[in-house]
Amino acid sequence: MTYDEAVRYVRNTERFGVKAGLGGIRGLMARLGDPHLRLRFVHVAGTNGKGSTCSFLNSIFMEAGMTVGLYTSPYVCVFEERIRVGGKAIGKGALAGLTGAVKAAAEGMVADGLSHPTEFEIITAIGMLYYEMSACDVVVLETGLGGRLDATNVIGAPEVAVITGISEDHTSILGDTLEKIAYEKAGIIKEGGAALAYAADPGAMGVFARAASEKGARLHGLGPPPESVEVTLGGTSFDYMGMRGLRTSLIGAHQALNASLALRAVQIMGGLGDPGPAEAGRRAAEAGGAVGRAAGAGGLGDGLGRGAGSGGKVGMPDRTFHEAVSGLDEGAMRKAIAKARWPGRLEVLSEEPLTIIDGAHNKESVEALASAMGALGIGAGGGPKGGRKVIGVYGSTRDVRGVIGPMLDICGHFYTIKPNGARGLGVDAESASGAIRLMGGKAEPCADVGQAVRLATERAGADGCVLAFGSLYFIGEVRDMFTGGAEPEVVAPA
């Protein structure tokens with residue numbers, strides 16, 4: 001299988017839809033030898049902020065000298081971004097070979113009368129094989145949707161389950177109240193494990209507390225929130241847990257919160273001291289109960305560094321791992337937070353005119369975006385640092401009114417488009433512009449991203465600001481216009 005064939009195969013599996021339940025991914029992983037049982041994880045769920053939190057965790061573990069896997073979704077520029085080791089996306093050769101192995105296992109399931117795995121299950125399986133092949137010391141694993149029935153929840157107890165902010169999103173699948181959504185996210189809390197949760201809503205926190213109590217898990221909170229937060233176009237500085245003047249290049253008070261969650265998670269892990277809860281799963285795999293099932297996968301002993309039916313755990317021993325985590329000093333933490341990168345989140349692409357992209361696509365994330373723009377003094381309403389004319393380029397989402405509402409005081413004019421491709425789930429550009437005008441804003445529809453950015457740049461002028469926001473797929477298109485499709489970094493070079 002070639003790289004192009006692999007990507008085409010994965011994308012074609014989108015037709016199998018989204019299926020609630022873990023039966024499919026468990027069956028697929030069993031045919032591949034259950035590589036996840038030989039890996040160590042930090043599992044991250046939440047409505048907003050989980051990608052940035054994962055990036056901070058990735059940077060911290062890398063600073064500790066570990067081989068770190070990073071699994072996130074969706075991608076911004078290229079598919080391979082979703083599966084990373086050491087900050088680098090999976091290579092095309094490895095992706096092609098591992099996709100061939102997963103495809104063979106999926107076809108075997110169909111031949112046995114079972115349903116074909118979904119696209120997300122296929123990608124998750126490819127990632128698990130790659131992390132095992134790479135002998136990762138730890139994998140930072142972001143859920144795709146929800147948590148309880150998400151394919152990533154095939155893993156056993158992680159070193160710590162992290163739940164970031166909760167808001168109403170994907171309500172047709174996850175539920176129409178914060179408590180229902182929190183229940184789905186709480187599904188990543190495992191028996192006897194450790195969990196860290198943050199939610200502004202007391203009802204959601206109550207759901208997390210009940211889930212932890214029922215499972216005998218140790219639930220931790222963030223503790224005192226970050227303080228002395230200052231936001232500039234160069235990044236965000238803040239104090240947390242006695243560490244003063246922490247700094248990240250990511251922009252916004254919400255990024256200080258995400259960084260604090262990552263720091264708190266590492267504190268929790270370092271304090272455990274004993275071998276982590278994932279050890280039991282890996283020992284079970286070593287005993288051979290799952291390893292023998294790899295024989296039906298086919299194609300794993302293909303020179304990619306992993307032979308079919310291979311056993312034994314990968315990465316450093318548990319005690320060494322926890323010693324490495326607990327041994328991180330404040331200087332290393334500071335350096336890791338400063339080095340973390342996360343593309344498409346209040347990312348500055350150009351300075352003249354100032355051009356910013358952000359993947360805000362639901363009420364909470366757009367409110368965070370509006371707050372950050374206000375803190376920067378950028379927007380129609382001005383601010384203590386002066387104002388700039390802001391022209392919005394909106395890659396329309398389903399909830400136009402909920403998303404645009406907080407931005408009416410920021411953007412003096414909007415250009416709307418519907419994101420390209422099968423994943424363009426927003427309304428059409430004309431309808432989005434119409435909805436904005438009904439809300440009192442000024443808006444014009446555009447045929448494509450290029451036209452929208454060109455018109456916004458002309459209207460903003462050299463002293464203005466172009467703010468492109470909406471789905472990550474949309475802002476990826478905008479980003480490509482400025483970077484030529486270069487792979488975005490998730491950690492700054494040493």
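**Figure 1. Strand 12 pairs with strand 13 in this predicted model.** Four bridges join strand 12 to strand 13, which covers residues 354-358. The two strands run antiparallel. One residue pair shows the link: Glu347 has Ile357 of strand 13 as its bridge partner.

**Figure 2. Six strands form an open sheet.** Their order is 12-13-17-14-15-16. The pairing is mixed. Strand 12 (347-351) and strand 16 (443-445) stand at the edges. Each has a single partner strand, so one side of each has no neighbour in the sheet. On average, neighbouring strands are turned by 20° against each other, direction ignored.

**Figure 3. Helix 15 and helix 17 meet the strands of the sheet.** Helix 15 spans residues 429-438. It lies across strand 14 (390-395), strand 15 (413-417) and strand 16. Helix 15 runs at about 170° to strand 16. Helix 17 packs on the sheet as well. Helix 17 touches strand 12, strand 13, strand 14, strand 15 and strand 17 (465-470). The direction of helix 17 makes about 140° with that of strand 17.

**Figure 4. Glu489 lies in the segment after helix 17 (472-483).** Is Glu489 buried, partly exposed or exposed? Its relative accessibility is 42%, so Glu489 counts as partly exposed. Leaving aside neighbours within four places in sequence, Glu489 is in contact with Arg341, Trp342 and Pro343. Now look at Lys88. Glu489 and Lys88 are 401 residues apart in sequence. In space, their C-alpha atoms are 7.9 Å apart.

**Figure 5. The largest nonpolar core has 43 residues.** Nonpolar side chains tend to be buried together in soluble globular proteins. Which residues have the most contacts inside this core? They are Val42, Leu57, Ile60, Phe61 and Val160. Helix 9 (residues 253-272) supplies the largest share of the core, ten residues. A second, separate core has 40 residues, including Tyr9, Ile83, Ala125 and Val139.

**Figure 6. Val42 touches residues from several parts of the sequence.** Residues up to four places away in sequence are not counted here. Among the contacts of Val42 are Leu57, Phe61, Pro158 and Met269. Val42 also touches Val138, Val139, Val140 and Leu141. Val160 and Val162 complete the list.

**Figure 7. Helix 1 (residues 3-12) has buried residues.** They include Ala6, Val7, Tyr9 and Val10. Why do the buried residues line one face of the helix? Seen down the axis of helix 1, they fall within an arc of 160°, so they line one face. Their cover includes helix 4 (92-111) and helix 5 (119-133).

Conventions: Residues are numbered from 1 along each chain as its sequence is written. This is a predicted model: local features need pLDDT of at least 70, side-chain atom pairs count only at pLDDT 80 or more; totals for chains, interfaces and linings use all residues. Side-chain values use heavy atoms; hydrogens and water are left out. A nonpolar core is a set of buried Ala, Val, Leu, Ile, Met, Phe, Trp, Tyr and Cys residues joined through side-chain atoms within 4.5 Å. Buried means under 20% relative accessible area, exposed over 50%, partly exposed in between (1.4 Å probe, protein chains only). Contact means heavy atoms within 4.5 Å. Two strands pair if DSSP finds at least two bridges between them. Axes are lines fitted to C-alpha atoms, for helices over the stretch in contact, and angles run from 0 to 180 degrees between N-to-C directions. The arc is that of the directions from the helix axis to the C-beta atoms.
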